[in-house]
Amino acid sequence: MEILELKGATKCFGGLTAVGDVNFTVPKGTITGLIGPNGAGKTTIFNLITGVYKVTRGNILFDGKDIANKEPYLIADVGITRTFQNIRLFKKLSVYENILTACHNNAKYNVLDAVLRLPQYKREEKQLKEQAENLMEIMGLKDRRDLVANNLPYGLQRRLEIARALALNPRLLLLDEPAAGMNPDETDQLMHLIFEIRKKFNLSVLIIDHHMDLVMGICEKIMVLNFGCKLAEGTPSEIQNNTKVIEAYLGVEG
Ligand SMILES: Nc1ncnc2c1ncn2[C@@H]1O[C@H](COP(=O)(O)OP(=O)(O)O)[C@@H](O)[C@H]1O
Ligand SMILES: [Mg+2]
């Protein structure tokens, strides 16, 4: 059973086909990898899935329902959230505030509840604060809670971004180069963390990354993209032994 399916997904920018007729699935509950050289169209695929870009052609099914061209906030609502290749945080807010503001997207109380501080508001505020504390704990950010995001070490900024994506209670989490700029130790820790959150939150994960040890180590399935087209799809060992993939990507530094 797949949680996500791309059917002939195509995105053209003027004369450039950034993503061309891609068919691809993410099986439910898996960590699936999306790899390929720079400019292959990986981030564009994330932008199509999350509604940032409209598809030129094709369908994107989430749990069997077409979500192509829906507004980004609706896609987050159905259960797909993401992190960005270039980190996006509230740089002047603390770790805790960054997570709590993301948790507030789940608030159901209305303005009157909030202004009058009615029980519904108090109850929910308490729950949202607990959720923020919990996410800080899981992502190993608790001892930096009052640090302004901008002053966090780079690796922890990436973790904070994942915490914010988790705050929206996704079923499918999209990670765009979460280990970019990390040293091997940080990459290794991140790999374990992704494993852990997948289990804890019952997630499916689609991950773009160039660290082959990370991708090969945690993905059950991998798709290789080259010049906007699917070059190969398979298990890590199938991908590592695929001559086309070695020639186009693995043979050279990505
Ligand atoms: N908004 C855009 N307008 C024009 N071209 C774009 C846009 N976004 C991406 N592209 C182009 O699409 C191709 C794929 O880019 P991208 O998806 O970012 O690649 P990757 O993430 O695999 O490195 C590149 O040639 C890039 O320049
Ligand atoms: Mg990219």
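The secondary structure of this protein comprises 10 helices and 10 strands. The model is predicted. Its radius of gyration is 19 Å, close to the 18 Å that the globule rule gives for 254 residues, so the protein is as compact as a globular protein of that length. The C-alpha trace spans about 65 × 40 × 35 Å along its principal axes.

Two further figures describe how the chain is packed. Of the 254 residues, 37% count as buried. Among the contacts with a separation of 6 or more, 66% are between residues 24 or more positions apart.

Next comes a sheet. Four strands form an open sheet in the order β2-β1-β4-β5, and their pairing is antiparallel. Strands β2 and β5 (65-66) are the edge strands, each pairing on one side only. Within the sheet, β1 (residues 2-13) pairs with β4 (residues 57-62) over five bridges, in the antiparallel sense. On β4, Asn59 is the bridge partner of Lys7. Helix α1 packs on the sheet and touches β1, β2 and β4. The direction of α1 makes about 70° with that of β2.

The last part is the surroundings of ligand 1. Its shell consists of Phe13, Leu16, Ala18, Gly36, Asn38, Gly39, Ala40, Gly41, Lys42, Thr43 and Thr44. Two elements, β2 (16-27) and α1 (42-49), give two or more residues each to this shell. The largest share, three residues, comes from α1. By type, the shell around ligand 1 has four nonpolar residues, six polar ones and one charged. Both β2 and α1 thus appear twice in this account: α1 touches β2 where the helix packs on the sheet, and both elements contribute to the shell around ligand 1.

Key: Residues numbered from 1 in each chain as written. Chains lettered and ligands numbered in written order. Predicted model: local features only at pLDDT ≥ 70, side-chain atom pairs only at ≥ 80, totals over all residues. Rg over C-alpha atoms; globule rule 2.2 N^0.38 Å. Buried ≥ 20, exposed ≤ 12 C-beta atoms within 10 Å, placed from the backbone. Contact = placed C-beta atoms within 7 Å. Near = placed C-beta within 6 Å. Nonpolar A, V, L, I, M, F, W, Y, C, P; charged D, E, K, R; others polar. Pairing = 2+ DSSP bridges. Axes fitted to C-alpha atoms, helices over the stretch in contact; angles between N-to-C directions.
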